[in-house]
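Subject: Structure handover

Hello,

Here is the structure I promised to pass on. Please load it first, then read my notes below.

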Amino acid sequence: MNWHLDTKCIQEGWKPGNGEPRVLPIYQSTTFKYDSAETLGDLFDLKIGGDFYTRLSNPTTNAVEQKVAALEGGVGALMTSAGQAASMLAVCNIARSGDHIISGVAIYGGTFNLFNKTLRELGIDVTFLQPGASDEEIEAAFRPNTKLVFGETLSNPSLNVLDIEQYARLAHAHGVPLIVDNTFPTPINCRPFEFGADIVVHSTSKYLDGHATALGGMVVDSGKFDWQAHADKFPGLTTPDDSYHGIVYTEQFGSAAYITKCRTHLMRDMGVAPSPQNAFLLSQGIDTLHLRMERHCSNAQKVAEYLSGDDRIAWVNYPGLPGDKNYALAQKYMPHGTCGVISFGIKGGREAACRFMEALKLAAIVIHVADLRTCVLHPASTTHRQLNDQQLAEAGVTPDLIRFSVGIEHPDDILADIRQALDTL
Ligand SMILES: *Cc1c(COP(=O)(O)O)cnc(C)c1O
């Protein structure tokens with residue numbers, strides 16, 4: 001349907017038939033009953049669609065997958081147990097041992113570790129690119145065995161905005177897709193497919209759920225990448241799959257080849273499936289996503305403006321501030337707002353940062369980010385503590401960086417909390 005995003009948040013996904021529950025039910029069942037073994041066999045062979053085992057699909061999960069696919073404008077989506085699993089499946093669906101990928105370095109610390117350690121151990125090599133890399137620098141990273149380019153639309157926690165069109169143009173020139181992690185802006189503030197990205201991944205544990213109740217991830221397929229045009233690069237999609245009686249995904253599933261393989265091959269084999277309960281919680285969360293994002297952004301703008309006017313603050317990083325180095329890119333890709341997360345440094349460095357955080361009363365120190373309660377974190381000593389100083393600098397995380405995740409409480413209460421904490425320094 002050609003509804004506004006706000007309407008899609010509420011109306012997409014679960015579409016009850018006559019006499020069915022108005023609200024998405026939780027199908028808390030591992031399996032589904034069929035009258036004939038033949039039908040079940042056809043389901044197994046992907047000859048017909050339908051649910052048979054919750055690792056592969058479940059009606060509650062399907063509903064929220066369709067909701068996110070509608071919000072991003074994709075042909076299909078796959079929900080995973082966590083955001084990490086979404087990134088892993090998105091890459092492993094088209095890159096295997098002996099292959100190479102390119103990634104922006106300003107990405108979530110967990111994704112950096114996944115690429116830099118686990119994928120390398122699995123035989124997939126990675127080249128990291130600095131934010132703001134020139135065309136020439138990006139070009140230089142490509143190899144004959146490069147299978148994809150990855151970036152974060154708005155990076156956690158350094159808040160760099162990816163030049164999606166630049167990355168998409170260069171990826172496509174080399175016959176590979178651009179995969180982006182759109183967790184921070186959410187589809188409310190940025191729809192990467194409109195700028196040429198091919199696959200979107202999410203940690204739905206953040207704003208999409210919004211209440212910090214359920215872990216989850218999502219892989220969304222735009223359906224636009226022409227795998228067949230680069231068939232030699234993507235044999236997993238374009239040659240027969242022996243484990244499915246020789247199905248060729250691009251022939252059988254057309255524009256949904258990638259997302260179908262992600263489910264029927266990788267989810268089948270790796271089992272990183274979400275619980276129906278968590279899919280339900282995610283759907284409930286997305287019902288109000290449009291309202292929450294608006295408030296997160298207006299609150300964060302007020303906090304960022306306040307911080308940049310206080311002389312106890314060393315620096316403020318928020319792409320919504322006109323002087324910010326990412327302001328122009330944010331205006332282009334996220335004109336209605338970025339997200340509720342701000343990073344800043346306090347004069348006095350790491351030690352002052354810790355004292356400030358401990359003095360906060362409303363904002364809680366938690367690892368989590370991007371939910372409706374204001375929270376705060378010191379990445380250098382927590383989420384990014386595995387990185388050495390050079391890796392920290394490359395990821396845009398300085399030792400004094402405070403990640404402040406502005407919630408949807410009344411802005412004056414958030415500002416008063418910050419003021420009283422600064423006054424204790
Ligand atoms: C949190 C996060 C992830 C990982 O998601 P989990 O749900 O914690 O596994 C990936 N990308 C970004 C941008 C994140 O913020």
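Helix H3 gives the largest share of the lining of the largest cavity, 3 residues. H3, S1 and H11 each supply at least two residues to that lining. Keep in mind that this is a predicted model. The largest cavity has a volume of about 60 Å³. It is lined by 14 residues, and the closest to its centre are Thr54, Leu56, Thr61, Glu65 and Arg263. The count of cavities of 30 Å³ or more comes to 1.

Next, the largest pocket. Its space is about 500 Å³. There are 23 lining residues, with Gly49, Gly50, Thr260, Arg263 and Thr264 the closest to the centre. Which helix gives the most to this lining? H11 does, with 4 residues. H3, S1 and H11 (257-270) each supply at least two residues here.

Now the sheets. One is an open sheet of 7 strands, in the order S1-S7-S6-S5-S4-S2-S3, with mixed pairing. S1 (76-80) and S3 (125-129) stand at its edges. Each has a single partner strand, so one side of each is left without a neighbour in the sheet. From one strand to the next, the twist averages 20°. S6 (residues 199-203) and S7 (residues 217-221) run antiparallel and are joined by 5 bridges. Within that pair, Val200 stands opposite Val220 in S7.

Helix H3 (residues 59-72) packs on this sheet and touches S1, S6 and S7. The direction of H3 makes about 125° with that of S1. Helix H4 (residues 83-92) lies across S1, S2 (100-104), S4 (146-152), S5 (178-181), S6 and S7. H4 runs at about 160° to S6.

S4 and S5 run parallel, joined by 4 bridges. Phe150 stands opposite Ile179 in S5. Are the faces of S5 covered or open? Both are covered. Leu178 and Val180 on one side, and Ile179 and Asp181 on the other, are all buried. In a regular strand, side chains alternate between the two faces of the sheet.

Leu178 and Ile179 also turn up in the largest nonpolar core, which has 95 residues. They are among the residues with the most contacts inside it, together with Ile101, Phe115, Val219 and Ile286. Leaving aside residues up to four places away in sequence, Ile101 touches Val91, Ala95, Phe115, Leu119, Ile124, Asp125, Val126, Thr127 and Leu148. Another core lies apart from this one. It has 29 residues, among them Ala363, Val376, Phe404 and Ile418.

There is also an open sheet of 5 strands. Its order is S8-S9-S12-S11-S10, and the pairing is mixed. The edge strands are S8 (313-317) and S10 (364-365). Each has a single partner strand, so one side of each lacks a neighbour in the sheet. S8 and S9 (residues 341-346) pair in the antiparallel sense over 4 bridges. Ile313 has Ile346 in S9 as its bridge partner. Helix H15 (residues 349-359) lies across S9, S10, S11 (375-377) and S12 (402-405). H15 runs at about 125° to S9.

One residue to look at is Met293, in helix H13 (residues 289-308). Is Met293 buried or exposed? Its relative accessibility is 1%, under the 20% cut-off, so Met293 counts as buried. Not counting residues up to four places away in sequence, Met293 touches Phe184, Pro185, Thr186, Ile188, Asn189, Tyr207, Thr338 and Cys339.

Finally, some backbone points to check. Most residues other than glycine have a negative phi, and most peptide bonds are trans. Thr186 has a phi near 60°, a positive value in a residue other than glycine. Thr186 lies in helix H8 (residues 186-189) and is buried, with a relative accessible area of 0%. Ala212 also has a positive phi, of about 60°. Ala212 sits in the loop between S6 and S7 and is partly exposed, with a relative accessible area of 40%. The peptide bond from Asn156 to Pro157 is cis, with omega near 5°. Pro157 is in the loop between S4 and helix H7 (164-173).

Best wishes

How values were computed:
Residues are numbered from 1 along each chain as its sequence is written. This is a predicted model: local features need pLDDT of at least 70, side-chain atom pairs count only at pLDDT 80 or more; totals for chains, interfaces and linings use all residues. Side-chain values use heavy atoms; hydrogens and water are left out. Two strands pair if DSSP finds at least two bridges between them. Axes are lines fitted to C-alpha atoms, for helices over the stretch in contact, and angles run from 0 to 180 degrees between N-to-C directions. Contact means heavy atoms within 4.5 Å. A nonpolar core is a set of buried Ala, Val, Leu, Ile, Met, Phe, Trp, Tyr and Cys residues joined through side-chain atoms within 4.5 Å. Buried means under 20% relative accessible area, exposed over 50%, partly exposed in between (1.4 Å probe, protein chains only). On a 1 Å grid over the protein atoms alone, a cavity is a set of points where a 1.4 Å probe fits but cannot get out, and a pocket is an open set with protein on both sides within 12 Å along at least five of seven lines; lining residues have an atom within 4 Å of a point. Grid points are joined across faces, edges and corners, and a volume is the space filled by probe spheres set on the points.
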